[in-house]
Amino acid sequence: MLSASCGTLLDDIEDIVSQEDSKPQDRHFARKHVVPKVRRRHTPKYLQDENSPPSDSTIPGIQKIWIRTWGCSHNNSDGEYMAGQLAAFGYKITENASEADLWLLNSCTVKNPAEDHFRNSIKKAQEENKKIVLAGCVPQAQPRQDYLKGLSVIGVQQIDRVVEVVEETIKGHSVRLLGQKKDNGKRLGGARLDLPKIRKNPLIEIISINTGCLNACTYCKTKHARGNLASYPIDELVDRAKQSFQEGVCEIWLTSEDTGAYGRDIGTDLPTLLWKLVDVIPEGAMLRLGMTNPPYILEHLEEMAKILNHPRVYAFLHIPVQSASDTVLMEMKREYCVADFKRVADFLKEKVPGITIATDIICGFPGETDQDFQETVKLVEEYKFPSLFINQFYPRPGTPAAKMDQVPAQVKKQRTKDLSQVFHSYNPYDHKVRDALISVLGIRNLSRYIAQFSLEYMIFKYTYQFHLYFHFNS
């Protein structure tokens, strides 16, 4: 017989769940046939206590679960899917970590600080004797790290089995699901898109259109977790969008490690998907695109401009440049040059009036010289990006960049500070403030009114920057 002790380590959940056992979804759908019992309004307290299961009960479906997610919008979508499935099975999702019986920690592996927060949360959960399930890119990319030993792990493509993993963890088993989903040997995009979901914002649906990417950036740890490109079929994505609108959503956010690469593995492309989605967006609802790398949008510039001009598509695109030095980009293996990035940005600014182009910069990549950095500063000063994600370089374990000659820490910090000052030195929305005031108030001489709006503008600017950073930085 299998032991249910906490020290038992099973290779996979199939070791304890047989094919004949009912699946969580079967038990969930069977609930519609159950007639709820009428509860008396004034039930004596001693009877309530007697009928309630103890706090340490191993009966699945009655515990409280706290979910913490770090990282990009793709990770946030995964967290919403896991919360929805657990709630559908009967678990209570709580925002109070201290009252939870189990902590589900959904990690990000992009930068060292994110993994540090993840590791510290595991330590705190252990100190408070919480059951723990780990998810996200950290355990997927490095499952053998010492601080992950003995803990249950669910892989980024296995989130549709989160109920099973939680159930066995509550029973005292330690299980790991890290496999890849395949169909006839072909890698799939991941879990089904029609799973139940608890959205952090009930009006916004985040849809991951593909997982993984085609790049091999020397600094990136996410590729180790998400793997190569695997796209969802267009019809499945359209069906998910329709379902979301029926549930009251008014915004669709498309996300992935690289939305521009969508479809290259299944014989289609991003514009084809976007036109299909635009057809099902109801009046008053909007679509927003996620991050795309320069190489995969160059061949679709004309179509992308038309789509971004559509009244139900936000005129926004996140295009990471990372550096304005071709030498640094080559060391990063970014597969484009600065001229490519400028061609994309210039074309879209010309063809899409009022477009917001967001970009990323890495300060202090190995080998970056002062001249390299100054080229980046000039690019920012030239384009005055309204949304700029400035990241100090962190060497991630197992990546080629971690083995390169590192820029001194103090130099990296100073360059990060200097570029931040450049960003704060310009006001990219001044023209929009003036246009709005002229349109609404009919004001011609704005000089005496600018001062009173400066504070509101600054608050908007930094709130907007943080908002985009939270949802797109990956």
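These exercises walk through parts of one predicted model, each with a worked solution.

Residues are numbered from 1 along each chain as its sequence is written, and side-chain values use heavy atoms, without hydrogens or water. Because the model is predicted, local features need pLDDT of at least 70 and side-chain atom pairs count only at pLDDT 80 or more, while totals for chains, interfaces and linings use all residues.

**Exercise 1. A sheet**

Task: Find the strand order of the open sheet that contains S9, S12 and S13.

Solution.
- Start with the terms. Helices (H or I, at least four residues) and strands (E, at least two) are DSSP runs, numbered from the N terminus. Two strands pair if DSSP finds at least two bridges between them.
- Take S9 and S12. Five bridges join them, and they run parallel. Serine 208 has threonine 255 of S12 as its bridge partner.
- Take S12 (residues 251-255) and S13. Three bridges join this parallel pair. Isoleucine 252 has leucine 287 of S13 as its bridge partner.
- Read off the order: S9-S12-S13, an open sheet of three strands with parallel pairing.
- Name the edges. Strand S9 (204-208) and strand S13 (286-288) each pair on one side only.

**Exercise 2. The faces of S9**

Task: Decide whether the residues of S9 are buried or exposed.

Solution.
- Set the cut-offs. Buried means under 20% relative accessible area, exposed over 50%, partly exposed in between (1.4 Å probe, protein chains only).
- Recall a rule. In a regular strand the side chains alternate between the two faces of the sheet.
- Check one side: Ile204, Ile206 and Ser208 are buried.
- Check the other: Glu205 and Ile207 are buried too.
- Conclude. Five of the five residues of S9 are buried, so S9 is largely enclosed by the rest of the structure.

**Exercise 3. Two helices**

Task: Describe how helix H9 and helix H10 lie relative to each other.

Solution.
- Locate them. H9 covers residues 270-280 and H10 covers residues 301-308.
- Take the axes. These are lines fitted to C-alpha atoms, for helices over the stretch in contact; angles run from 0 to 180 degrees between N-to-C directions.
- Read the values. The axes come within 10 Å and cross at roughly 20 degrees.
- Classify. Angles under 35 degrees count as roughly parallel, over 145 as roughly antiparallel, 65 to 115 as roughly perpendicular and the rest as oblique. H9 and H10 are therefore roughly parallel to each other.

**Exercise 4. Arginine 226**

Task: Place arginine 226 and find its polar partner.

Solution.
- Arginine 226 lies in helix H7 (residues 222-226).
- At 1% relative accessibility, arginine 226 counts as buried.
- Now the partner. A polar contact is a pair of N or O atoms within 3.5 Å; within protein, one must be able to donate a hydrogen and the other to accept it, and residues adjacent in sequence count only if both atoms are side-chain atoms.
- The side chains of arginine 226 and aspartate 78 make such a contact, at 3.2 Å.

**Exercise 5. Two loop residues**

Task: Say how exposed glutamate 283 and glutamine 406 are, and what their side chains reach.

Solution.
- Glutamate 283 sits in the loop between H9 and S13. Its relative accessibility is 73%, so glutamate 283 counts as exposed. A polar contact of 3.3 Å joins its side chain to that of arginine 312.
- Glutamine 406 sits in the loop between strand S16 (387-392) and helix H14 (409-424). Its relative accessible area is 32%, so glutamine 406 is partly exposed.
- The side chain of glutamine 406 reaches the backbone oxygen of methionine 404 at 2.8 Å. The backbone oxygen of alanine 401 lies 2.9 Å from a polar atom of the glutamine 406 side chain.
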